[in-house]
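Please load the model in your viewer, switch to a cartoon representation and keep the side chains ready to display. The tour below moves from one selection to the next and says what is to be found at each stop.

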Amino acid sequence: MKLVAVQGCTINVIGTQVVPPGEIPPVGVPVVPPTGTWQIVTPPSINSTVDGKGIYLGPCTLIVPMGSIASSGGTLINQVTLTFQGTTTSSTIDGRKILLQNESSDTQVGSFQVGQASVPFQLVATITIAGQTSTFAE
């Protein structure tokens, strides 16, 4: 059982530099949005709530906007769309899987401007804090 993700949940995005085959990529680095919070473009459920906050259901889309900055340096030069599918195996709402704390999105490639070079990073988002502490699902 894991906590159900609701409106106001905390999402972290990590970027790992893409390297040629056979090379070991460096450890992933946090990516920071230019506005302070990530933009989740799929609205939460308005019919199912926890503590008055809408529950997020899959598939759920997160936009990593241009201008986001990797902690290792570099600025994202293209918008990247990441998708959470929902990981519940026993619980659904309106036939859709529920997003849970510690769930990760798919992985997509973004290009970061580092000095004069454009460096590709694989980006993945993870729901690190569900936004509530009372309701669990599996």
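Begin by selecting S111 together with P120, for S111 stands opposite P120 in β14. The model in front of you is a predicted one.

**Around β14**

Widen the selection to the two strands, and you will see that β13, which covers residues 108–114, pairs with β14 in the antiparallel sense over seven bridges. The two strands form a hairpin with two residues between them, and in this hairpin G115 takes a positive phi near 65°, a backbone angle that can be read off by clicking through the turn.

Now keep β14 selected and add strand β2, residues 10–17, which pairs with β14 in the antiparallel sense over eight bridges. A convenient place to follow this pairing is N12, which has T126 of β14 opposite it.

Next, pick out L123, which lies in β14, the strand of residues 117–129. How far apart are the C-alpha atoms of L123 and V13? The separation is 6.6 Å, although the two residues are 110 residues apart along the chain. L123 is also buried, with a relative accessible area of 0%.

**An aromatic pair**

Show the rings of F112 and F121 next, since a search of the whole structure finds one aromatic pair, and these two residues form it in an edge-to-face arrangement, with 4.9 Å from centre to centre and 65° between the planes. If you colour the model by accessibility, F112 appears as buried with a relative accessible area of 0%, and F121 likewise counts as buried, at 5% relative accessibility.

**The three-stranded sheet**

Move on to the open sheet of three strands, whose order is β4-β7-β10 and whose pairing is antiparallel. Because β4 (39–40) and β10 (80–84) stand at the edges and each has a single partner strand, one side of each is left without a neighbour in the sheet. Select β7, residues 60–64, and β10 together: the two pair in the antiparallel sense over five bridges, and a look at I63 shows that its bridge partner in β10 is T81.

**Two cysteines**

Stay with residue C60 and add C9 to the selection. Why is there no bond between the sulfurs of C9 and C60? The sulfur of C60 is the closest cysteine sulfur to that of C9, yet the two are 7.7 Å apart, which is too far for a bond, given that a disulfide requires sulfur atoms within 2.5 Å. The structure accordingly holds zero disulfides. Both cysteines can be checked for exposure as well: C9 is buried, with a relative accessible area of 14%, and C60 counts as buried at 2% relative accessibility.

**The largest pocket**

Finish by displaying the surface around C9, which is one of the residues lining the largest pocket. For the complete lining, select G8, C9, T10, I11, P33, G36, T37, W38, I40 and Y56. The volume of this pocket is about 170 Å³. Which classes of residue make up the lining of the largest pocket? Colouring by residue class gives six nonpolar and four polar residues, with no charged residue in the lining.

Note on methods
Residues numbered from 1 in each chain as written. Predicted model: local features only at pLDDT ≥ 70, side-chain atom pairs only at ≥ 80, totals over all residues. Heavy atoms only, no water. Pairing = 2+ DSSP bridges. Helix = DSSP H or I, 4+ residues; strand = E, 2+ residues; numbered from the N terminus. Buried < 20%, exposed > 50% of the residue type's maximum accessible area, 1.4 Å probe, protein only. 1 Å grid on protein atoms, 1.4 Å probe; cavity = no way out; pocket = protein on both sides within 12 Å on 5 of 7 lines; lining within 4 Å. Points joined across faces, edges and corners; volume = space filled by probe spheres on them. Nonpolar A, V, L, I, M, F, W, Y, C, P; charged D, E, K, R; others polar. Phe/Tyr/Trp six-rings, centres within 6.5 Å; stacked < 30°, edge-to-face > 60°.
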